[in-house]
Structure formats: C-alpha cells, structure tokens
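Reader: Please examine one part of this model closely. I would then like the account to continue, in one connected answer, to the open spaces of the fold.

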Amino acid sequence: MTTYTDKGPKPDIGRFVGFDHISFWVGNAKQAATYYCARFGFEVFGYRGLETGDRQTVSYVIKQNKIIFVLQSPLEPDNVVMGPHLARHGDGVKDVAFAVEDCKGIIEKARGRGATIVREPWTEEDEHGSVTLARIQTYGDTTHTFVERTTYSGSFLPGYRYSTKPDPLL
C-alpha cells in the first residue's frame, strides 16, 4: 500500500490545498449542464451569464460532492477566443484549477522554473470578498489556474450567482 507520510521537503512559497474545479469549453453550456445533471447526478451550483452582467460567455457551475465542473460557452458566434478553440478541438477540458495559498508566490516560483504565464495574478471581488487568480500554460491549449480564496466567503467565485435549482433541465 502506498503511503504519503514523507512527501519530501515543504515548499518555501505557497501551498497546494486541493483541486478547485475543472473548466470545460463547450458549444452549448446549458445543454451540457442538463446532460451532466440528468445522467450523472450533478446539481447546478452556480451561474454566470447575461443576467449577471457577463456579455461574452455563459457559465454553469455543477457539483457532485467535492467535484466541481464549470461548463462555458461563448454568447457570440464570432467570439475570437473560444470560437476557434471549439472549432479546432470541440467540447473539452480547457482548464484545471487548483486551490492554493500564496498565488502570487507560486506564480513567481513557476516563472523561475520556466513556466509560461498565460495571465499574471489578478483579483476579482464582490460583496463576499476577493479571490486572487493566476494562469499558466500546460500542454497543448490546456491551462492551470491557481485560485487563492483565503478572504472569500461566497459559494464559488465573484460574478457567479449561487443556484440550487433542482430541475435537471435548468
């Protein structure tokens, strides 16, 4: 049996807390959320879109126990970021996000080790507090986002509306 009692020396900067969420870029986020809820037992956990002020993308956050998926689609057919990606790859994982402590320190350590920084640390906030995020390139078009939410008390991330709709058809 594998044990993890000796994981080696602790890092000087930051700490990996756990997996935060996985973001999928899909052609139809509402349909994908409905499918995952109806067929795999996920529940709608959050939403961001036109009603919350995002005019570029629609996002459904679905959850099953500790697993959180974010299903995102462009709202405009000529979306210059998501459109070409979806045309080339189809529906799929775009980002794997990790909950961390000291997001800025982790990005600096990653930069020092040769990581490609896709987006420098930025802060998002709402009435529940603030979240610091940063993004690095991994393989292909997939990215990893570091999420530091030490001062955030909301359900998911700023800009998302908490939802407990039991209807699998959203």
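**A loop residue and the pockets**

Author: Setting aside neighbours within four places in sequence, Asn79 is in contact with Gln56, Pro74 and Pro84. The model is a predicted one, and every value below is to be read accordingly. Asn79 itself belongs to the loop that runs between strand 4 (67–74) and helix 2 (82–89). Its side chain reaches the backbone nitrogen of Met82 at 2.8 Å. Because buried means under 20% relative accessible area, Asn79, at 10% relative accessibility, counts as buried.

A useful counterpart is Phe40, which lies in helix 1 (residues 29–40). With a relative accessibility of 44%, Phe40 counts as partly exposed, a class that falls between under 20% and over 50%. When residues up to four places away in sequence are not counted, Phe40 touches Tyr35 and Gln64. Phe40 and Gln64 are 24 residues apart in sequence, with 8.8 Å between their C-alpha atoms.

The open spaces come next. Rolling a probe the size of a water molecule over the atoms shows where empty space is left. The largest pocket holds about 610 Å³ of space. Strand 4, which precedes the loop of Asn79, is among the elements that give two or more residues to the lining of this largest pocket, together with strand 1 (15–25), strand 5 (92–101), strand 6 (117–126), strand 7 (129–137) and strand 8 (143–152). The largest share of that lining, four residues, is the contribution of strand 6. In total 27 residues line the largest pocket, and Trp25, Arg48, Gln72, Arg119 and Arg135 are those lying nearest its centre. By character, the lining of the largest pocket comprises twelve nonpolar, eight polar and seven charged residues.

The second largest pocket contains about 360 Å³ of space. Its lining is formed by 14 residues, of which Pro11, Ile13, Phe16, Ile106 and Phe146 are the closest to its centre. At least two lining residues of the second largest pocket are supplied by each of strand 1, strand 5 and helix 3 (103–112). Helix 3 provides the largest share of this lining, namely three residues. Nine nonpolar residues, one polar residue and four charged residues make up the lining of the second largest pocket. Strand 1 and strand 5 thus appear in both accounts: each gives two or more residues to the largest pocket, and each supplies at least two to the second largest pocket.

Definitions and conventions:
Residues are numbered from 1 along each chain as its sequence is written. This is a predicted model: local features need pLDDT of at least 70, side-chain atom pairs count only at pLDDT 80 or more; totals for chains, interfaces and linings use all residues. Side-chain values use heavy atoms; hydrogens and water are left out. Buried means under 20% relative accessible area, exposed over 50%, partly exposed in between (1.4 Å probe, protein chains only). A polar contact is a pair of N or O atoms within 3.5 Å; within protein, one must be able to donate a hydrogen and the other to accept it, and residues adjacent in sequence count only if both atoms are side-chain atoms. Contact means heavy atoms within 4.5 Å. On a 1 Å grid over the protein atoms alone, a cavity is a set of points where a 1.4 Å probe fits but cannot get out, and a pocket is an open set with protein on both sides within 12 Å along at least five of seven lines; lining residues have an atom within 4 Å of a point. Grid points are joined across faces, edges and corners, and a volume is the space filled by probe spheres set on the points. Ala, Val, Leu, Ile, Met, Phe, Trp, Tyr, Cys and Pro count as nonpolar, Asp, Glu, Lys and Arg as charged, and the others, Gly among them, as polar.
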